[in-house]
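Reader: I have a structure open in front of me and would love a close look at how its helices meet. Could you walk me through the helix packing and the residues around it?

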Amino acid sequence: MEARVYTELHRPLRAVPLLTDVLGRYDASHARELALYLSWLAVAYADANEPEAAAGTAARMLALGQSGSERTTERTRIVLDRLRAFRDVPEVAGLLAS
């Protein structure tokens, strides 16, 4: 929860290490939770002006699928909207085109 708060407050230097730690404890069997945490990490990377890392993280999130969850669908929209500011970065452009 703390990492999510830092992400919402646009404090990526605090959010990224916490999210990375949390994600290290999840496996693919928790696809919905993993996708949600990846979405916050992607936004934190975008806030840190790291669009390549944000795009890679978003790609991992998208690879997990939406799992029929309204919340993951909404988070996907938020992440992709946030990445559009970096559409000139090749990794982001590729992700947005797919």
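Author: Happy to; here is a tour of the helix contacts, with stops at some residues in and around them.

Please keep in mind that this is a predicted model. Let us begin with H2 and H3. These two helices, H2 (12-23) and H3 (31-47), pack at an angle of about 155°, with their axes 9 Å apart. An angle over 145 degrees counts as roughly antiparallel, and H2 and H3 are therefore roughly antiparallel to each other. Their crossing is left-handed. On the H2 side, the contact is made by Pro 12, Ala 15, Val 16, Leu 19, Thr 20, Val 22 and Leu 23. H3 answers with Leu 34, Tyr 37, Leu 38, Trp 40, Leu 41, Ala 44, Tyr 45 and Asp 47. Sorted by class, the residues in this contact of H2 with H3 are 13 nonpolar, one polar and one charged.

Now look for Thr 7, which sits in helix H1 (residues 2-8). Is Thr 7 buried or exposed? Its relative accessible area is 3%, and the cut-off for buried is under 20%, so Thr 7 counts as buried. What does Thr 7 touch, leaving aside residues up to four places away in sequence? Its partners are Ala 15, Leu 19, Trp 40, Val 43, Ala 44 and Asp 47. Among them, Ala 15 and Leu 19 also belong to the H2 side of the contact between H2 and H3, while Trp 40, Ala 44 and Asp 47 belong to the H3 side. Thr 7 of H1 thus touches residues that H2 and H3 use in their own contact.

The aromatic rings are worth a stop too. Searching the whole structure gives two aromatic pairs. One of them joins Tyr 26 and Tyr 37, whose rings are 5.5 Å apart centre to centre with 35° between the planes, a tilted arrangement. This pair links distant parts of the chain: Tyr 26 is in the loop between H2 and H3, Tyr 37 is in H3, and 11 residues separate them. Tyr 26 is partly exposed, at 28% relative accessible area, whereas Tyr 37 is buried, at 16%. Together with Trp 40, Tyr 26 and Tyr 37 form one aromatic cluster. Both Tyr 37 and Trp 40 are familiar from the H3 side of the contact with H2, and Trp 40 is also one of the residues that Thr 7 touches.

Next, please move along to H4. What is the angle between helix H4 (residues 51-63) and helix H6 (residues 90-97)? They pack at about 25°, with axes 8 Å apart. Angles under 35 degrees count as roughly parallel, and H4 and H6 are therefore roughly parallel to each other. H4 passes H6 in a left-handed crossing. From H4, the contact draws on Pro 51, Glu 52, Ala 55, Ala 58, Ala 59 and Leu 62; from H6, it draws on Glu 91, Val 92 and Leu 95. By class, this contact of H4 with H6 has seven nonpolar, no polar and two charged residues. Gly 94 is also in H6; at 43% relative accessibility, Gly 94 counts as partly exposed. Between Gly 94 and Ala 59 there are 10.0 Å in space, C-alpha to C-alpha, although they are 35 residues apart in sequence.

H4 also meets helix H5 (residues 70-83): their axes come within 11 Å and cross at roughly 155°. That makes H4 roughly antiparallel to H5, and H4 passes H5 in a left-handed crossing. Ala 54, Ala 55, Ala 58, Met 61 and Leu 62 of H4 meet Thr 76, Val 79, Leu 80 and Leu 83 of H5. By class, the contact of H4 with H5 has eight nonpolar, one polar and no charged residues. Notice that Ala 55, Ala 58 and Leu 62 appear in the contacts of H4 with both H5 and H6.

Finally, let us visit two loops. Most residues other than glycine have a negative phi. His 10, in the loop between H1 and H2, has a positive phi near 60°. Asn 49, in the loop between H3 and H4, also has a positive phi near 60°. His 10 is exposed, with a relative accessible area of 52%, and Asn 49 is exposed at 54%.

Technical notes
Residues numbered from 1 in each chain as written. Predicted model: local features only at pLDDT ≥ 70, side-chain atom pairs only at ≥ 80, totals over all residues. Heavy atoms only, no water. Axes fitted to C-alpha atoms, helices over the stretch in contact; angles between N-to-C directions. Helix = DSSP H or I, 4+ residues; strand = E, 2+ residues; numbered from the N terminus. Parallel < 35°, antiparallel > 145°, perpendicular 65-115°, else oblique. Left-handed = near helix turned anticlockwise from the far one by under 90°. Contact = heavy atoms within 4.5 Å. Nonpolar A, V, L, I, M, F, W, Y, C, P; charged D, E, K, R; others polar. Buried < 20%, exposed > 50% of the residue type's maximum accessible area, 1.4 Å probe, protein only. Phe/Tyr/Trp six-rings, centres within 6.5 Å; stacked < 30°, edge-to-face > 60°.
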